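I opened a fresh page for this protein and wanted to note, step by step, what I looked up and what I found.

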Amino acid sequence: QVQLVESGGGLVQPGGSLSLSCVASGNFDGIFAMGWYRQAPGKQRELVARRTSGGSTNYDDSVKGRFTISGDNAKKTVYLQMNSLKPEDTAVYYCHLETSYSWSDRIYDYWGQGTQVTVSS
């Protein structure tokens, strides 16, 4: 069983900052990538930022220059520093893990329970 526990969401004014954290635990063999997705009401879940185990990162265009993803493979954690937040960043943010097992060639993915980020004055 794999668990992803997120923390750090909340309410912030436009232009403010928030930091999200996610720690993975349970039975898996290695981290292929970890990332953050978000889902606003009435919209599909979308990728915000992703970081591979080698440290490569990619971001949605809407957050480039404002959000920074980082992580620690040994600690099985991923972070998302969000600056210059806008009302359109309001969503539930989900931690995502891509992992593998020694007995399989495929990549398995797991999700956290989500944390609410609300940007409003």
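I began with the contacts in this predicted model, and I noted that, among contacts with a separation of 6 or more, 55% are made by residues 24 or more positions apart.

Next I looked up the secondary structure, where I found 11 strands and zero helices, so I wrote the pattern along the sequence as β-β-β-β-β-β-β-β-β-β-β. For the overall form I noted a radius of gyration of 14 Å, close to the 14 Å that the globule rule gives for 121 residues, so the protein is as compact as a globular protein of that length. The C-alpha trace spans about 50 × 25 × 25 Å along its principal axes.

I then turned to the surface and found that the protein exposes about 6,400 Å², with carbon and sulfur atoms supplying 46% of that area, while 40% of the 121 residues count as buried.

Which residues touch the most other members of the largest nonpolar core? I listed Met 34, Trp 36, Leu 80, Met 82 and Tyr 93, out of 29 residues in that core. Among the elements that give two or more residues to this core, I marked strand 4 (30-39), strand 8 (77-82) and strand 9 (91-100).

Last, I checked the cysteines and found one disulfide, formed by Cys 22 and Cys 95 with their sulfur atoms 2.1 Å apart. This pair links distant parts of the chain, since Cys 22 lies in strand 3 and Cys 95 in strand 9, 73 residues apart. The link is left-handed, with -85° about the S-S bond. I noted that Cys 22 counts as buried because its relative accessibility is 1%, and that Cys 95 counts as buried at 0%.

Key
Residues numbered from 1 in each chain as written. Predicted model: local features only at pLDDT ≥ 70, side-chain atom pairs only at ≥ 80, totals over all residues. Heavy atoms only, no water. Core = buried A, V, L, I, M, F, W, Y, C linked by side-chain atoms within 4.5 Å. Buried < 20%, exposed > 50% of the residue type's maximum accessible area, 1.4 Å probe, protein only. Helix = DSSP H or I, 4+ residues; strand = E, 2+ residues; numbered from the N terminus. Disulfide = S-S within 2.5 Å. Rg over C-alpha atoms; globule rule 2.2 N^0.38 Å. Contact = heavy atoms within 4.5 Å. Areas by Shrake-Rupley, 256 points an atom, 1.4 Å probe, with all protein chains shown as cover.
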